[in-house]
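Welcome, and take a moment to look around. Below are the sequence and the structure, followed by a short guided walk through a few places in it.

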Amino acid sequence: MAPHLDNLVITAPLSQEKLAEVKTHFKHVHHIPYPAPVPKDIAREADVWYSNYHGLPEDLTWEDVKRTKVVQLTSAGANKALESPALKNETARKHIAICSASGIHVLSIPQWIISQAISVYSRIYLQTFNLRTEQKWRRDIPQFPKSQGFTGQTLHGKTAGLLGYGHIARETARLLKAFNVKVIAANSSGERRDDDGYIIPGTGDKDGSIPSGYYSTNDPDSFNSFLQQTDILIASLPSTPQTTNLLKAEHLALLKKGAIFINVGRGDLVKTEVLLEALNDNLSGSALDVTDPEPLPDNHPLFTHPQVTITPHTSSDIAGYFEIGADLLLANVKRIREGGKPINKVDPAKGY
């Protein structure tokens, strides 16, 4: 029998307009934005939570959330939420569907990826910096050898290697097609699969048909072949024991000469010292929204490296972000009430 899911607790920020809409789908809705404490009597009555990446409030235990059936996160990553005391409990993990927000970031992160790829290849970021700071018209780029001058490159004809082929990568692949970029993908299995998660209409690659080839990160020969073909390595992997320090010096050395590396997944994919060494060797640039460590310490060399652009884990930031996530919440609750499987249900053992 499908659950009714009558009572909702929202700990994420939400506009009054969206809150009013959400309230029409539940009998009781409590909006208590983090970090305000959630009274335990309210927590004990909650069927559904709409929570940020922290998961459930730190002062709650499994005993306080036994009625909960669904926790809808606002983040694609679930590693932080799984560490919250209530959700760290093994019994809770068996009874509560912890669902990520994978799928809502297609409206922001893929556009960040494309913009950064163009900026890094054309060194737009340095041109802008030089003109702004010097207030002098110049076309050369003093941070690079004079012989190179302005040597922007086109995306046309490049090969993009998508490390991880989830929602973000699939929408990135769709956008890259417009630039005549060849797309290949690497995942754990090396096999194409349909996207059965949350899809915003008009985005993505549901049947996985865009990549011309799939490669396995679990097969060294297959993974090496993937890297050897790649001009633009785009990583969108979650942080798991399998992905931590997955990229090593020997892997980055296999990329085509002059390749660029873009990371919007998690910073622990590659150690900073490994990346810095590759930038001095075969990489021509890197765009990072996530770093090792994160946050970066003050005056870290990555901040001023002439081949690197950094944003502080903000590639997903977009106006109405939590409202877009609320649409996923409502779609998920509707499916579960109708007896369907939860959207984006996290496997605690895998961490995603």
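Before the first stop, a word on how helix axes are defined: they are lines fitted to C-alpha atoms, for helices over the stretch in contact, and the angles between N-to-C directions run from 0 to 180 degrees. Please keep in mind that this is a predicted model.

**Helix α1 and its partner α12**

Two packed helices are described by the angle between their axes and the distance between the axes. The axes of α1 and α12 come within 10 Å of each other, crossing at roughly 5°. Angles under 35 degrees count as roughly parallel, and that makes α1 roughly parallel to α12. On the α1 side, the contact is made by K18, E21 and V22, and on the α12 side by E323, A326, D327 and L330. Sorted by class, the contact of α1 with α12 holds four charged residues, three nonpolar ones and no polar ones.

Which residues of helix α1 are buried? Within this helix, which covers residues 16–23, they are K18, L19 and V22. Looking down the axis of α1, you would find its buried residues within an arc of 100°, so they line one face of the helix. Q16 and E17, on the other side of α1, are exposed. The buried residues of α1 pack against α12 (321–337), and also against the strands β1 (7–10) and β2.

**Helices α5 and α7**

Our next pair is α5, residues 109–122, and α7, residues 167–177; they pack with their axes 8 Å apart, at an angle of about 50°. That makes α5 oblique to α7. Is their crossing left-handed or right-handed? The crossing of α5 and α7 is right-handed. From α5, the residues in contact are I109, P110, Q111, I113 and I114, while α7 brings I168, E171, T172, L175 and L176. Seven residues of the contact of α5 with α7 are nonpolar, two are polar and one is charged.

Helix α7 itself is mostly covered, with eight of its eleven residues buried. Those buried in α7 are H167, I168, A169, R170, E171, T172, A173 and L176. They pack against α5 and against the strands β6 (159–163), β7 and β9 (232–235).

Helix α5 also holds Q116. Is Q116 buried or exposed? With a relative accessible area of 14%, Q116 is buried, because buried means under 20%. Apart from its neighbours within four places in sequence, Q116 is in contact with A287 and T309.

**A buried valine in a loop**

V38 lies in the loop that runs between β2 (28–31) and α2 (40–45). The relative accessible area of V38 is 3%, so this residue counts as buried. What does V38 touch, leaving aside neighbours within four places in sequence? Its contacts are V9, T11, I32, A43, W49 and P57. For a sense of scale, V38 and P201 are separated by 163 residues in sequence and by 35 Å in space, C-alpha to C-alpha.

**Backbone details worth a look**

Most residues other than glycine have a negative phi, and most peptide bonds are trans. With that in mind, the table gathers four places to look at in the backbone.

| Place | Backbone feature | Angle | Location |
|---|---|---|---|
| D292 to P293 | cis peptide bond | omega near -5° | P293: loop between β11 (283–288) and α11 (301–304) |
| E294 to P295 | cis peptide bond | omega about 0° | P295: loop between β11 and α11 |
| N180 | positive phi | phi near 55° | loop between α7 and β7 (182–187) |
| H313 | positive phi | phi near 60° | loop between β12 (308–310) and α12 |

P293 is found in the loop between β11 and α11, and P295 is placed in the loop between β11 and α11 as well. The peptide bond from D292 to P293 is cis, and a cis peptide bond also joins E294 and P295.

How accessible are the two residues with a positive phi? N180 has a relative accessibility of 48% and counts as partly exposed. H313 is partly exposed too, at a relative accessible area of 31%. The loop that holds N180 follows a helix you have already met, α7, and leads to β7. The loop that holds H313 lies between β12 and α12, and α12 is the helix whose axis comes within 10 Å of that of α1.

Technical notes: Residues are numbered from 1 along each chain as its sequence is written. This is a predicted model: local features need pLDDT of at least 70, side-chain atom pairs count only at pLDDT 80 or more; totals for chains, interfaces and linings use all residues. Side-chain values use heavy atoms; hydrogens and water are left out. Helices (H or I, at least four residues) and strands (E, at least two) are DSSP runs, numbered from the N terminus. Angles under 35 degrees count as roughly parallel, over 145 as roughly antiparallel, 65 to 115 as roughly perpendicular and the rest as oblique. A crossing is left-handed if the near helix is turned anticlockwise from the far one by less than a right angle, and right-handed if clockwise. Contact means heavy atoms within 4.5 Å. Ala, Val, Leu, Ile, Met, Phe, Trp, Tyr, Cys and Pro count as nonpolar, Asp, Glu, Lys and Arg as charged, and the others, Gly among them, as polar. Buried means under 20% relative accessible area, exposed over 50%, partly exposed in between (1.4 Å probe, protein chains only). The arc is that of the directions from the helix axis to the C-beta atoms.
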